[in-house]
Amino acid sequence: MTRPDLQHSPQQAQPLGRTVLSSTDISRALRRIAHEIVEHNKGTDDLVVLGIPTRGNVLADRLVALLAQIEGTQVPVGSLDVTMYRDDLRRQPVRAAAATRIPTDGIDDKIVVLVDDVLYSGRTVRAALDALGDLGRPRAVRLAVLVDRGHRELPIRADHVGKNLPTAKAERVAVRLVEHDGGVDQVRIAGGADDHETGEQA
Amino acid sequence: MRHLLSAADLSRDDALQLLETATAMHDVQHREVKKLPALRGRTVVNLFFEDSTRTRSSFEIAGKWLSADVINVSAKGSSVSKGESLRDTVMTVAAMGIDGLVIRHHASGAPQQVTQWVDAMVVNAGDGTHEHPTQALLDAYTMQTRLGDLDGRHVAIVGDLTHSRVVRSNLILLRTLGARVTLVAPPTLMPSGVGAWAAAEGFATSYDLDEVLPDADAVMMLRVQKERMSGGFFPTPREYTVGYGLTRERLARLAPHAVICHPGPMNRGLEITADAADSAQSLILDQVSAGVAVRMSVLYHLLGGSE
């Protein structure tokens, strides 16, 4: 029997599904990605980190803070809005555009690390690559994502992945980050078979 | 939002969203490649029955930067000058399979009428002395960049109110955004029946610029439309400047944070002096630059998604 004092607890207000990454898992994954970036780049020279709105921006800021801790250098960070470059613009109601912020030195000959929360079809990343092409010519572009859930529709892969998460197409991956969503950091998976699975791991 | 015919078509949320998108669009102007693919494959016709350089060219640039195909049709040198009616002209253009129609016409209400004849989305780029909604949006956008949120701000609109279509759109939009507005003009250039209008819309009127000026966060100087001044609206240009021009002395009495706008083209020395037009408080060139960003935002919101 449900305790009356828990009937309206925050836990009940959460969406269906189970938590696949907790707050600790997320910070551990980001720290590992930051180390991978430093190792691959042999330092942080010429790096530029660009988040894809909206949660990619939060993750980009966190990565840059971690890079500062690890290497003691401040890597330029910005934001790359890809709304106008999406290939599904005509199929959906108008999406609001967000601002693009590029560090003052630009991206020419830099190593750009694109950051997003979930990698799925690959179409957002394709749009981001098109948007980058209009802004300059980076020496290399790398991709860091918190979750790779598969189901790619384009030949695109991530260089740095927080967690590979095999999913069914019917499932939904929901990322919550404190700075954007409030509450606690977590990644949840819902939908499909999990619709019936309301048991929490939290 | 299917068409943009009047500033009254915009709710507060619509207006804020258009202004926010304009901010994102403004970034494009500073890029090496000034192009976004958002309207690829869409065709927009600029149908101008009145002369206009800045509005027509800013709509043209806006469409092109969004990758739309843009065609300009002006009344001069077209079948309109051979006597074709507005309806036939519009229907002919629309039959070519266009997606958007940007229209300027000397008759108030013409763009509204055009929506009855065609399926394409219609943007009013100025109709008679009625409305010019994208001008109001770009004015609000420009003021926002310097003043921040316009809610509670005081804007004085000064000059030839009778012949200006900018006034009506600005008044509606500024009220939608929560600004206080005072219309300032000599009695001869104050629209007839303004009292009832002011009471209904909640704005103030004044014949005394010097009284309004110190309290204004923004002053919008309107062009004295010499071409429409067939009646004796004021005795001499000199007298107009003394009473209602933004002179060096008045510039000094403006609050330090206040901004100066002018929809252009300016009559320097008549409604505004060079000191004011070129001062650090002037946003006149910013308005021109904002025109492209705001029109990109409007075209994107009207044509960018599915219907």
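# Briefing on chains A and B

Apart from residues within four places of it in sequence, A255(B) is in contact with P214(B), A216(B) and Q281(B). The model that shows these contacts is predicted. Chain A has 202 residues, and chain B has 307 residues. The points below go through the overall build of each chain, then the records for chain A, then selected residues.

**Chain B overall**

- The secondary structure of chain B consists of twelve helices and nine strands.
- The radius of gyration of chain B is 19 Å, and because a compact globule of 307 residues would have a value near 19 Å, the two agree.
- Along the principal axes, a box of roughly 55 × 45 × 35 Å holds the C-alpha atoms of chain B.
- In chain B, 58% of the residues count as buried.
- Taking contacts in chain B between residues at least 6 apart in sequence, 75% of them join residues that are at least 24 apart.
- Chain B has an exposed surface of about 12300 Å², and 50% of that surface comes from carbon and sulfur atoms.
- Chain B carries 29 positive and 34 negative charges, and the mean positions of these two sets are 5 Å apart.

**Chain A overall**

- Chain A contains five helices and eight strands.
- Along the sequence, these elements of chain A follow the order α-β-α-β-α-β-β-α-β-β-β-α-β.
- Buried residues account for 48% of chain A.
- Of the contacts in chain A with a separation of 6 or more, 69% are between residues 24 or more positions apart.
- The accessible surface of chain A is about 10300 Å², with 49% of it belonging to carbon and sulfur atoms.

**Records for chain A**

- In an unreviewed entry, UniProt annotates residues 25–161 of chain A as "domain: Phosphoribosyltransferase".
- Residues 25–161 of chain A are 34% helix and 20% strand, and the C-alpha atoms at the two ends of this span lie 13 Å apart.
- UniProt also lists residues 112–124 of chain A, in an unreviewed entry, as "short sequence motif: PRPP-binding".
- Residues 112–124 of chain A are 62% strand and 15% helix, with 16 Å between the end C-alpha atoms.

**Backbone geometry**

- Most peptide bonds are trans, and most residues other than glycine have a negative phi.
- The bond from P53(A) to T54(A) is cis, and its omega is near 0°.
- T54(A) sits in the loop of chain A that runs between strand 2 (47–51) and helix 3 (55–71).
- The bond from G264(B) to P265(B) is also cis, with omega near -10°.
- P265(B) belongs to the loop of chain B between strand 9 (259–261) and helix 11 (274–277).
- D109(A) is not a glycine, yet its phi is positive, at about 60°.
- The loop that holds D109(A) lies between strand 3 (77–79) and strand 4 (111–119) of chain A.
- S67(B) is not a glycine either, and it has a positive phi of about 70°.
- The position of S67(B) is in the loop between helix 2 (54–65) and strand 2 (69–74) of chain B.
- S67(B) counts as buried because its relative accessible area is 16%, and buried means under 20%.

**V194(B)**

- V194(B) is part of helix 7 of chain B, which covers residues 194–201.
- V194(B) has a relative accessibility of 11%, so it counts as buried.
- Setting aside neighbours within four places in sequence, V194(B) is in contact with L183(B), F203(B) and T205(B).
- One of these contact residues, T205(B), is eleven residues from V194(B) in sequence, with a C-alpha to C-alpha distance of 8.2 Å.

**A255(B)**

- A255(B) is located in the loop of chain B between helix 10 (248–253) and strand 9.
- The relative accessible area of A255(B) is 14%, so this residue is buried.
- A255(B) and H301(B) are 46 residues apart along the chain, and their C-alpha atoms are separated by 36 Å.

Key. Residues numbered from 1 in each chain as written. Chains lettered and ligands numbered in written order. Predicted model: local features only at pLDDT ≥ 70, side-chain atom pairs only at ≥ 80, totals over all residues. Heavy atoms only, no water. Helix = DSSP H or I, 4+ residues; strand = E, 2+ residues; numbered from the N terminus. Rg over C-alpha atoms; globule rule 2.2 N^0.38 Å. Buried < 20%, exposed > 50% of the residue type's maximum accessible area, 1.4 Å probe, protein only. Contact = heavy atoms within 4.5 Å. Areas by Shrake-Rupley, 256 points an atom, 1.4 Å probe, with all protein chains shown as cover. Lys, Arg positive; Asp, Glu negative; His and termini not counted. Charge placed at Lys NZ, Arg CZ, Asp CG, Glu CD. UniProt positions renumbered as here; feature names shortened; annotations may be inferred.
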